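Student: Could you take me through one part of this predicted model in detail, namely the second largest pocket, and say which residues line it and how they divide by class?

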Amino acid sequence: MSAARYTLPAILLHWAQAILIVWLLWLGWTMTDLPKGVERSAAYGLHKSLGLLALLLVALRLGWRRFHPPPASPLQGPLAKVAGATHLALYVFLVLAPLAGYLASAFMPYPVKFFGYELPRLFAADEGLNAVFKQLHVLLVWSGAALILLHLAGTLKHLLLRDGTLQRMLPGALLRK
């Protein structure tokens, strides 16, 4: 494998996270329109579990990245700075959005569950803190959605330029070798 490519675990973690985040965004935006009842409760429960899974996945990604740095970027100058800042902001979003969502749930009077398993209660119910973290979660998610669009715009730019940058993160190129 060329040193200019990401490692296979980094690629798989990236794409697993991308799929999970798209699912979370879709579920988060659609579940609020559901009528109160079993279906809505199930959607919220799934969203919370997937959010905690996303937090675990980004922790794995950061751990992997700590010991397996990404390949040097072929970008230079201002574009390199924009790309670096966008990637940093995406990681901040990937950590803080699910953390804020968890904290919003943790300050509710109901137990927090991870795919049906009740997690230990770390905080007493607090409506005020619940509201603060819920608003923070929403703000982070909308900001994260904008960052994802910026990331996709950069991806489209590299696709149109055919500069080889996309091959660093596409799993298909690994399978063809």
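Tutor: The lining of the second largest pocket divides into 22 nonpolar, 13 polar and 5 charged residues, and the space that this lining encloses in the predicted model comes to about 1200 Å³. Of the 40 residues that line the second largest pocket, Met31, Tyr44, His47, Lys48 and Ser105 are the closest to its centre. Each of the helices H1, H2, H3 and H4 supplies at least two residues of this lining, and the largest share, 10 residues, comes from H2, the helix that spans residues 38-67.

The largest pocket, with a volume of about 1300 Å³, also draws at least two lining residues from each of H1, H2, H3 and H4, but there the largest share, 12 residues, comes from H3. Its lining is made up of 47 residues, with His14, His87, Leu90, His151 and Thr155 lying nearest its centre, and by class it has 30 nonpolar, 13 polar and 4 charged residues.

Two of the helices that contribute to both linings also pack against each other, for H3 (residues 77-106) and H4 (residues 127-161) meet at an angle of about 150°, with their axes 8 Å apart. Because angles over 145 degrees count as roughly antiparallel, H3 and H4 are therefore described as roughly antiparallel to each other. The crossing of H3 past H4 is left-handed, and the contact between these two helices has 16 nonpolar, 8 polar and 2 charged residues.

Conventions: Residues numbered from 1 in each chain as written. Predicted model: local features only at pLDDT ≥ 70, side-chain atom pairs only at ≥ 80, totals over all residues. Heavy atoms only, no water. Axes fitted to C-alpha atoms, helices over the stretch in contact; angles between N-to-C directions. Helix = DSSP H or I, 4+ residues; strand = E, 2+ residues; numbered from the N terminus. Parallel < 35°, antiparallel > 145°, perpendicular 65-115°, else oblique. Left-handed = near helix turned anticlockwise from the far one by under 90°. Nonpolar A, V, L, I, M, F, W, Y, C, P; charged D, E, K, R; others polar. 1 Å grid on protein atoms, 1.4 Å probe; cavity = no way out; pocket = protein on both sides within 12 Å on 5 of 7 lines; lining within 4 Å. Points joined across faces, edges and corners; volume = space filled by probe spheres on them.
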